[in-house]
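This report goes through a single protein chain, from local positions to overall figures. Please keep the sequence and the coordinates at hand while reading.

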Amino acid sequence: MGTSTGTRPQDSKSPPPHRKMTILDGLKKEPVIRVQRLSHYYGSGDNKKQILFDIDLDIRPGELVIMTGPSGSGKSTLLSLIGALRTVQEGSLRVMGHELNQMTPSQLVQYRRDIGFIFQMHNLFESLTAMENVKMSLQLKKVPRTEKRDQAGHILNRLGLEERIHYKPESLSGGQRQRVAVARALATRPRVILADEPTAALDKESGKTVVEMLRELCETNDSTVLLITHDNRILDFADRIVNMVDGRIVSNVLVAESVAICEFLIKSNLFANLAASTLTDIAQKMELEIVSAGKWVIRQGDPGDKFYLIRKGITDVVVRSGAETKKVATLGEGNFFGEAALLTGEPRNASVLAKEETVLYSLDKENFQMAIDSSKTFKEQLLNAFYQRQ
């Protein structure tokens, strides 16, 4: 294993995340959307093509999750499955407590009414004005008649359409039609909002307003938003960014936690000299683990599969020699361990026991090696720490 202790930060408190949602917060909430081993195919026979491959994804109340990735990577297919616009073929898809492939057609109709949809194609009713299009969604939710006009007018005004509320879609620009579609989706304050490129046709200010309204719903209504975009201007509004490539989720990064990890890592001499891009890349690949008091984090003799950094808690490092077991170190916040077995390929040479509930950031073997390969500085710092403690 290696009992390296790293450098303990002088400030024992890790910086608070700058967003509402953190990993620790998220773990306390049951997912509103839970996708497990979901696969999907188009066509049949010789023309059958797999589009999604064993997708696993949890999204919790109050999260705004942005999904990125190249065109054709399966993002819109996944969104349409979550919205029950396509039928689940393989795997499990559970939304708001309902397993979608077990619902009846009438239940699915009601389920779709409880979702706020925003699509690239706005799908407005051409015969209705902007106000009437928004009031239509309120009617489906049986909002009292006296409230419909006020609610519809308020949200249209918020989106800068106060002078266009009585215009039909044919008299509106593409960006204005898109804003009406957004207003229609958000008017009922739905628990789940699914959005496919909602800001693509909007200018910078309009796009910002739309995402601010989505953010507001997350924070005040505990709504859950899954948003597909190629718009880099709005990435900073996300709680989490999920990247899809060729039908697979290749990264799933909690933005606030990634920032907090970077700020946490840079306090350690091991990471302090890394380039910002390398530091960010490492932070985004780290996973959070919580180990209860009295539980082993790693055991002597086991293969080395992860590198660990302690965010919070106290652990003991113990070494077994014959019948004797000896404590050789106590590690706390900011200390790291587990690099020796990964560097040498040998089994763990010590065990680590959580003395109290311990929160860890871990980097698996593959990502650890990628971090070393991509950064000469990181490799040198690790080797220095490793040899100093032998």
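Where is T104 found? T104 is in the loop that runs between β5 (98-99) and α3 (105-113). The model described here is a predicted one.

## T104 and G91

T104 is partly exposed, because its relative accessibility of 36% falls between the 20% limit for buried and the 50% limit for exposed. Its C-alpha atom is separated by 23 Å from that of Y42, a residue 62 positions away along the chain.

G91 belongs to strand β4, which covers residues 90-95. With a relative accessible area of 34%, G91 is likewise partly exposed. Leaving aside residues up to four places away in sequence, G91 touches Q36, R37, L38 and N101. The C-alpha atoms of G91 and L52 are separated by 11 Å, with the two positions 39 residues apart along the chain.

## Helix α4 and its packing

Which residues of helix α4 are buried? In this helix, which spans residues 130-140, they are A130, M131, N133, V134, S137 and L138. In general, residues three or four places apart on an α-helix point the same way, because the helix has 3.6 residues a turn.

The buried residues of α4 pack against two other helices, α5 (145-158) and α6 (174-186). Just after α4, K142 has a positive phi of about 60°.

## Further positive phi values

D54 is not a glycine, yet its phi is positive, at about 45°. This residue is placed in strand β2, residues 49-59. D54 has 40% relative accessibility and counts as partly exposed.

R189, also a residue other than glycine, has a positive phi near 50°. R189 lies in a loop, the one between α6 and β7 (192-196). Its relative accessible area is 39%, and R189 is therefore partly exposed.

## Aromatic pairs

How many aromatic pairs does the structure hold? There are 5. One of them joins F117 and F119, with 5.5 Å centre to centre and 15° between the planes, and this pair is stacked. Is F117 buried or exposed? F117 counts as buried because its relative accessibility is 19%, and the limit for buried is under 20%. F119, in contrast, has a relative accessible area of 27% and is partly exposed.

Why does the pair of Y308 and F337 count as stacked? The ring centres of Y308 and F337 are 5.1 Å apart and the planes meet at 20°, so the pair is stacked, given that planes under 30 degrees apart count as such. The pair links distant parts of the chain: Y308 is in strand β13 (residues 306-312) and F337 in strand β16 (residues 336-337), 29 residues apart. Y308 and F337 are both buried. Ring pairs also link F307, F336 and F368 into a cluster.

## Charges over rings

Two residues have a charged end placed over an aromatic ring. K48 lies over the face of Y41, at 4.4 Å from the ring centre. For R164, the ring in question is that of Y167: the charged end of R164 sits over it, 4.9 Å from its centre.

## The chain as a whole

What does the secondary structure of the protein chain come to? It comes to 13 helices and 18 strands. Taken along the principal axes, the C-alpha atoms fill a box of roughly 80 × 50 × 35 Å. The chain has 390 residues, and buried residues make up 51% of them. Among the contacts with a separation of 6 or more, 74% come from residues 24 or more positions apart.

The surface that the chain exposes is about 18900 Å², with 46% of it supplied by carbon and sulfur atoms. The chain carries 52 positive and 48 negative charges, and the mean positions of these two sets are 3 Å apart.

Technical notes
Residues are numbered from 1 along each chain as its sequence is written. This is a predicted model: local features need pLDDT of at least 70, side-chain atom pairs count only at pLDDT 80 or more; totals for chains, interfaces and linings use all residues. Side-chain values use heavy atoms; hydrogens and water are left out. Buried means under 20% relative accessible area, exposed over 50%, partly exposed in between (1.4 Å probe, protein chains only). Helices (H or I, at least four residues) and strands (E, at least two) are DSSP runs, numbered from the N terminus. Contact means heavy atoms within 4.5 Å. Accessible areas come from the Shrake-Rupley method with a 1.4 Å probe; for residues, only the protein chains shown count as cover. Lys and Arg count as positive and Asp and Glu as negative; His and the chain ends are not counted. The place of a charge is taken as NZ of Lys, CZ of Arg, CG of Asp or CD of Glu. Rings of Phe, Tyr and Trp (its six-membered ring) pair if their centres lie within 6.5 Å; planes under 30 degrees apart count as stacked, over 60 as edge-to-face and the rest as tilted. A charge sits over a ring if NZ of Lys or CZ of Arg is within 6 Å of the ring centre and within 35 degrees of the ring normal.
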